[in-house]
Amino acid sequence: MDEAVKAELERLRDEDKRQNHRIDELEKISATIQELAISVHTLAHDMAGMLAEQKEQGNRWDALESAPGKKWNNAMNKIVDTIIGAVVGAMMTGVIVAVAQQYIR
């Protein structure tokens with residue numbers, strides 16, 4: 001029976017060694033996964049900052065793109081206002097001249 005106990009004890013020691021080796025490997029894998037999770041979290045945080053910056057740049061880009069259009073619209077509005085003013089002024093001058101001619105006769 002001594003031999004049977006020794007054999008069983010040796011088998012248990014070997015099994016403990018295998019299990020300890022597997023636990024060591026699992027601890028390494030667990031540490032790697034934790035590092036990866038931290039990296040993903042940092043990456044997500046950085047990407048959120050980049051998204052906010054891209055939105056800001058998009059707004060600035062839109063403002064830069066719309067500036068020439070606004071200037072063109074303002075110029076066209078001034079031209080139209082000037083033409084309308086000139087036509088109305090000419091019409092009023094014609095009316096004043098016509099009324100003045102009636103009084104002069």
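In the predicted model described here, K28 and E25 are separated by about one helical turn, because the two residues stand three residues apart in helix 1. Their side chains meet in a salt bridge, with N to O at 3.8 Å, a salt bridge being a side-chain nitrogen of Lys or Arg within 4 Å of a carboxyl oxygen of Asp or Glu. K28 is exposed, with a relative accessible area of 53%, whereas E25 is partly exposed at 35%; in these terms, buried means under 20% relative accessible area, exposed means over 50%, and partly exposed lies in between, for a 1.4 Å probe and protein chains only. Residues are numbered from 1 along each chain as its sequence is written, and side-chain values use heavy atoms, with hydrogens and water left out. Because this is a predicted model, local features need pLDDT of at least 70 and side-chain atom pairs count only at pLDDT 80 or more, while totals for chains, interfaces and linings use all residues.

By the salt-bridge rule, the count comes to four. The side chains of E8 and R11 form one of them, with a distance of 2.6 Å from N to O, and E15 forms another with R11, the closest N and O atoms being 3.0 Å apart. E8, R11 and E15 are thus linked in a network of salt bridges. Within helix 1, which covers residues 2–104, E8 and R11 are three residues apart, about one turn of the helix, and E15 and R11, four residues apart in helix 1, are likewise separated by about one turn. The members of the network are described by their accessibility as follows: E8 is partly exposed, with a relative accessible area of 36%, R11 counts as partly exposed at 40%, and E15 counts as partly exposed at 25%.

The secondary structure of the protein chain comes to one helix and zero strands, where helices (H or I, at least four residues) and strands (E, at least two) are DSSP runs numbered from the N terminus. The radius of gyration of the chain is 45 Å, well over the 13 Å that the globule rule gives for 105 residues, so the chain is more spread out than a compact globule; the radius is taken over C-alpha atoms, and the rule is 2.2 Å times the number of residues to the power 0.38. Along its principal axes, the C-alpha trace spans about 150 × 15 × 10 Å.

Two pairs of residues illustrate distances along the chain. The C-alpha atoms of E10 and I33, which are 23 residues apart along the chain, are separated by 34 Å, and D46 and A90, 44 residues apart in sequence, are 65 Å apart in space, C-alpha to C-alpha. E10 has its place in helix 1 and counts as partly exposed at 40% relative accessibility. D46 is also placed in helix 1, and counts as partly exposed at 42%.

With regard to the surface, 0% of the 105 residues of the protein chain count as buried. The chain exposes about 9800 Å², of which carbon and sulfur atoms supply 64%, the areas coming from the Shrake-Rupley method with a 1.4 Å probe. A nonpolar surface patch of about 610 Å² is made by W72, M76, I79, I83, V87 and M91; patches are made of residues with over 30% relative accessible area and no salt bridge, like charges being joined within 9 Å and nonpolar side chains (Val, Leu, Ile, Met, Phe, Trp, Tyr) within 5 Å. M91 lies in helix 1 and counts as exposed at 53% relative accessibility.

As for charge, the mean positions of the 13 positive and 17 negative charges of the protein chain are 14 Å apart. In this count, Lys and Arg are positive and Asp and Glu are negative, while His and the chain ends are not counted; the place of a charge is taken as NZ of Lys, CZ of Arg, CG of Asp or CD of Glu.
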